[in-house]
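Q: I have a model open and want to go through a few spots in it. Can you take my questions as they come?

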Protein chains: 2
Amino acid sequence: MSGSMDAGDGAAEDSVPQQPRQPPEAVATGTSRRGLLRGALLGGVGGLVVGGAGGAVAGRTLISEDSTDAVNLGTKYPFYGQRYQVGIATEPQRHCLFATFRLAPGATTRDLQVLLARWSAAIAVLQDGRSVGSVEPTSPLQPPRDTGEAHDLSPASLTVTLGLGPSVFGERFGLARFKPALFSDLPPLNGDFLDPKFTGGDLSLQACADDPQVSYHAFRNLARIGRGVVVPYWTVLGFGRASAGEGQATPRMLLGFKDGTRNIKTDDQMAQFVWIDKSDQPWLDGGSYQVVRKIRMLLETWDADRIGDQQEIFGRDKAEGAPLTGTKEFDHPDFAARDAEGELIINPLAHIALSAPENNGGVMIKRRSYNYTDGLAADGQLDAGLLFISYQNDPQHFIRLQNRLGANDLLNEYIRHIGSGIFVVPPAPEEGHYIGEALFA
Amino acid sequence: MSGSMDAGDGAAEDSVPQQPRQPPEAVATGTSRRGLLRGALLGGVGGLVVGGAGGAVAGRTLISEDSTDAVNLGTKYPFYGQRYQVGIATEPQRHCLFATFRLAPGATTRDLQVLLARWSAAIAVLQDGRSVGSVEPTSPLQPPRDTGEAHDLSPASLTVTLGLGPSVFGERFGLARFKPALFSDLPPLNGDFLDPKFTGGDLSLQACADDPQVSYHAFRNLARIGRGVVVPYWTVLGFGRASAGEGQATPRMLLGFKDGTRNIKTDDQMAQFVWIDKSDQPWLDGGSYQVVRKIRMLLETWDADRIGDQQEIFGRDKAEGAPLTGTKEFDHPDFAARDAEGELIINPLAHIALSAPENNGGVMIKRRSYNYTDGLAADGQLDAGLLFISYQNDPQHFIRLQNRLGANDLLNEYIRHIGSGIFVVPPAPEEGHYIGEALFA
């Protein structure tokens, strides 16, 4: 039985029953992966049994009642009166519904304008934790305005971020004069394995929240408002990205490694690399370019790879996330360090080497990625991976990085870039205005 | 623009910009759908701006810092030493990875036995919030035992429930003598629209947790442990089911109606309708029959239906969830009540009428359903619906209900049963034992 939990440690493969060995890191953190890093334990492990309907039957045991590892669904973000759209610098929520739309063949410039105005008004209401209209109209002859599945739900930190694709700035809508010089479709990139089903779109919508039902509700109701003008094109529901904010662990991708240790975290970095400022298109100042890639991961193959190889591919150790030249996650990698045999400790083709700012003229991108699963592939393998989303003030920053990674990254054996899109995210509107209004002045 | 948020209320369809009307129920609950139902507000709406990396930029506004609408990820459930498997009576978690597996053609009875033993040992460790083996083995030549993506995550209320399909009790494994008389494949049922891709399986795995990454990690590592013996067959990742426990609102399905108002909630009902007791197979006492149905919902069609029709179909009002003969969610429906014209107020073909215990010889089933989305269908429509899971001590209870609903339910115009499976869930093991051990005595 290859790849089993006891493979290679000499335990009898078929002894029945057996307990898995407790690994060293589980001992080090007590009986919970995370519990002892946190606040006071109440009642100790297994000491507090809570009753309630079915509780006595199910045997509910709390580690800690005041755990700080809780998700507060009461948080909400404002929509109006900010410089930047939310969902870019915002602390990452735990779920994301990313969708692209195509404009209907008959849609006019006026339709696009009205859509952006109506979407903006609806997003303001949704982020405030309200419905976009009555769930239960007084007249029995009216359909509900809001589809209702989030009627009792808290705001859950919802942010909806709207983007416009390059096609919006073609001749069709008379908007070519607003197109920034830097903005066009992504060129073919090294490592592309793109499926047209997950590639492109005229508009993008990123609905992130700490409750996936809130994200899905936002997408569904915005799609409904747009009916006749836009058609949903492709969507991904991403999950599992614990916040990387203060006091939180860096989230892990499905390859099991931490993702985001060296991500952009300061306002200074945001100003330098993410927010568009003083561009050839003043209406875009305060905006950003959004790149999305659907990256399938070949999990079964990866899971069979040995740890030494996995760590060489990333250039980090797996559990702690430290660079192979250090001992702690946030130690700075030393790409010049050599071992006793004179070999570079971090392989120059390791993922962190190829993508490091110091090896790319100082360039950084703001990543905001989520894990996803589409169930099983036709071949019975796990169909899952990373919904990669990045923000940058110059699309060339992403293009340069991905061309380098796509050509040489040791990781390429285990990933496939199957979806792609690029959009420009306008700045946030003032109260009484809407996203992209400057295009229709 | 049909179905838009302003359709039918006389607002100019193309006035730019416009704000959606604030519906009466939004006014009634203040500026949040849920906030004023909860604890003390700190700082009032919009009154508290929190800083931090990117915070000043993003404008983070908290409604309430001590909101009780929070998900505590520190909770964990025991595996050993209980009568019943967890994940049945357990308060529903917010996410669920449901998977079925097929036994490999060459798998022997001994392979099945070892698999159940190894899975049991691993589930005990996973529910305790630990890894199933080292994430980072000492030898660089070993693959990691645990895939690692949950390495830093809390237990998140994980419960893994294992089921055995009817095929396990065929002649192949010599286990026919353990097959209970009540247990066989589901017969063709009224309303079946089954896709073989989502139907059947030899074993089932229900991994529910308050963090989908914890659910997915459990499934993935158990699938890996089983490699060579079982092959994953179909999976659904369900979401969005807020707890229906004390003080919590009944969750809503994607049709926007509450789901579970009359669900089984007491230990007495569990004993009467869910737990197998004194059956012809004593090894199964403390078990239950698990039925799963993947039910696609035709959301666009539903969303265009008028509220009067939607409410007639369910027999309840949409916002509150009260039966049409009452005013509050938990009012008992009066199926004999007539209006001034002498018509039955609740249509006898309404969903709640056809499924009510009093109209089915008193029978109840324990439902444990989740919403799901598979993105977009080939026709561009939303591909989403309900992962219906029910538990009962007699499969005929489900068969009878579904045959009745499938033949006559007014809801059938808007739903399709596209996936199906039935499994028997053995009782929980004592420490040092494993699920299904009695089969191999």
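Q: Start with A:Arg252: buried or exposed?
A: Keep in mind that this is a predicted model. A:Arg252 is buried, because its relative accessible area is 2%.

Q: Where does A:Arg252 lie in chain A?
A: In the loop that runs between strand E8 (230-239) and helix H5 (267-273).

Q: What does the side chain of A:Arg252 reach?
A: The backbone oxygen of A:Lys318, at 2.9 Å. A polar atom of the A:Arg252 side chain also lies 2.9 Å from the backbone oxygen of A:Gly256.

Q: Another charged one. What is the place of A:Lys294?
A: A:Lys294 sits in strand E9 of chain A, residues 288-297.

Q: And is A:Lys294 buried or exposed?
A: Buried, because the relative accessible area of A:Lys294 is 1%.

Q: Which residues does A:Lys294 touch, skipping those up to four places away in sequence?
A: The list includes A:Asp374, A:Arg416, A:His417 and A:Tyr372. Also among them are A:Phe198, A:Val236 and A:Leu386.

Q: Switching to cysteines. How many disulfides are there over all chains?
A: The count is zero.

Q: What about A:Cys208, which cysteine sulfur is nearest?
A: That of A:Cys96, 3.3 Å away, and A:Cys208 is in no disulfide. The cut-off for a disulfide is a sulfur pair within 2.5 Å.

Q: Why is there no bond at B:Cys208?
A: Because the closest cysteine sulfur, in B:Cys96, is 3.3 Å from the sulfur of B:Cys208, and that is too far for a bond.

Q: Are those two cysteines at position 208 buried or exposed?
A: A:Cys208 counts as buried, at 0% relative accessibility. B:Cys208 is buried as well, with a relative accessible area of 0%.

Q: Now the strand around B:Cys208. How many residues of E7 in chain B are buried?
A: Seven of the seven, residues 203-209, so strand E7 of chain B is largely enclosed by the rest of the structure.

Q: Which residues of E7(B) point which way?
A: B:Leu203, B:Leu205, B:Ala207 and B:Ala209 point one way, while B:Ser204, B:Gln206 and B:Cys208 point the other way. All of them are buried.

Q: Why would they split like that?
A: In a regular strand, side chains alternate between the two faces of the sheet.

Q: What does E7(B) pair with?
A: Strand E5 of chain B, residues 95-103, pairs with E7(B) in the antiparallel sense over seven bridges. Strand E6 of chain B, residues 159-164, also runs antiparallel to E7(B), and six bridges join the two.

Q: Which residues stand opposite each other there?
A: On the E5 side, B:His95 has B:Ala209 as its bridge partner in E7(B). On the E6 side, B:Thr161 stands opposite B:Gln206.

Q: Back to chain A. Where is A:Phe173?
A: A:Phe173 is in the loop between strand E6 (159-164) and strand E7 (203-209) of chain A.

Q: Loop residue, then. Buried or exposed?
A: A:Phe173 counts as buried, because its relative accessibility is 5%.

Q: What is A:Phe173 in contact with, neighbours within four places in sequence aside?
A: Its contacts include A:Leu103, A:Ala107, A:Thr108 and A:Leu112, and also A:Val168. A:Thr108 is 65 residues from A:Phe173 along the chain, and their C-alpha atoms are separated by 6.9 Å.

Q: And A:Ala336: buried or exposed?
A: A:Ala336 counts as exposed, at 57% relative accessibility. That residue lies in the loop between helix H7 (307-314) and helix H8 (351-355) of chain A. Ten residues along the chain is A:Ile346, and the C-alpha atoms of the two are 8.0 Å apart.

Q: Zooming out, what is the secondary structure of chain A?
A: Nine helices and 13 strands. Chain A has 441 residues, of which 62% count as buried. About 15400 Å² of chain A is exposed, with 53% of that supplied by carbon and sulfur atoms.

Q: What domains does UniProt place on chain A?
A: The unreviewed UniProt entry places "Dyp-type peroxidase N-terminal" at residues 85-239. It places "Dyp-type peroxidase C-terminal" at residues 250-428.

Q: How much helix and strand is in each span?
A: Residues 85-239 of chain A are 21% helix and 21% strand, with the end C-alpha atoms 21 Å apart. Residues 250-428 are 22% helix and 23% strand, and there the end C-alpha atoms are 28 Å apart.

Conventions:
Residues are numbered from 1 along each chain as its sequence is written. Chains are lettered from A and ligands numbered from 1 in the order in which they are written. This is a predicted model: local features need pLDDT of at least 70, side-chain atom pairs count only at pLDDT 80 or more; totals for chains, interfaces and linings use all residues. Side-chain values use heavy atoms; hydrogens and water are left out. Buried means under 20% relative accessible area, exposed over 50%, partly exposed in between (1.4 Å probe, protein chains only). Helices (H or I, at least four residues) and strands (E, at least two) are DSSP runs, numbered from the N terminus. Accessible areas come from the Shrake-Rupley method with a 1.4 Å probe; for residues, only the protein chains shown count as cover. Two strands pair if DSSP finds at least two bridges between them. UniProt positions are given in the numbering used here, feature names are shortened, and annotations may be inferred rather than shown by experiment. Contact means heavy atoms within 4.5 Å. A polar contact is a pair of N or O atoms within 3.5 Å; within protein, one must be able to donate a hydrogen and the other to accept it, and residues adjacent in sequence count only if both atoms are side-chain atoms.
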